[in-house]
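Trainee: Please pick one part of this and take me through it slowly, residue by residue where that helps.

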Amino acid sequence: MDDEPLSEWAKRRDERIGRLRAVPLVSGDGPKASHLNPDSPRAIQRWNGYTWEPHGTAANLAEAQRLLHPRDERPPTAPAPEPQPLRAGRGRHRKPRPGE
């Protein structure tokens, strides 16, 4: 029997362990989409492989996004390409002038 599909599934499952998500703390049956109520506090939850467990809190959506997606502060490894000025001539995609 081939255990390859099962081991691939287990690998994908284990990669998700430790993933964080932010859930708005709103009362009632109101909308719970992350972009709504940006000033409401958020519960930060962590996936343990079986269920989402409490991990922390954030004061608002902006703080939650900073916790979930920290910026990479390392400088870029490659220099930005220098802009190239337009070359002289008409170019092959330009309309020909009348009489050309």
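**A close look at the sheet**

Mentor: Start with a pair of tryptophans: W47 stands opposite W52 in β3. Before going on, keep in mind that this is a predicted model, in which local features need pLDDT of at least 70 and side-chain atom pairs count only at pLDDT 80 or more, while totals for chains, interfaces and linings use all residues. Residues are numbered from 1 along each chain as its sequence is written, and side-chain values use heavy atoms, with hydrogens and water left out.

Now zoom out a bit. Three strands (DSSP runs of E, at least two residues, numbered from the N terminus) make an open sheet, ordered β1-β2-β3 with antiparallel pairing. On the edges sit β1 (20–24) and β3 (52–58), each pairing on one side only. From one strand to the next, the twist averages 35°; that angle is taken between N-to-C directions on a 0 to 180 degree scale, using axes fitted as lines to C-alpha atoms.

Back to β2 and β3: these antiparallel strands are joined by six bridges, and pairing as such takes at least two DSSP bridges. Further along, A43 has T57 of β3 as its bridge partner. The β2–β3 hairpin has four residues between the strands, and G49 there takes a positive phi near 100°.

Q45 is worth a stop. This glutamine belongs to β2 (residues 42–47), and Q45 counts as buried because its relative accessible area is 19%; the cut-offs are under 20% for buried, over 50% for exposed and partly exposed in between, with a 1.4 Å probe and protein chains only. Its side chain makes a 2.7 Å polar contact with that of R21. By polar contact I mean N or O atoms within 3.5 Å, where, within protein, one can donate a hydrogen and the other accept it, and sequence-adjacent residues count only if both atoms are side-chain atoms. Beyond four places in sequence, Q45 is in contact (heavy atoms within 4.5 Å) with R19, L20, R21, V23, W52, E53 and H55.

Then there's S40, in the loop between β1 and β2. S40 is buried too, since its relative accessibility is 13%. A polar atom of its side chain lies 2.9 Å from the backbone oxygen of N37, and the side chains of S40 and R42 share a polar contact of 2.7 Å. Setting aside residues up to four places away in sequence, S40 touches P24, L25, V26, A59, N60 and L61.
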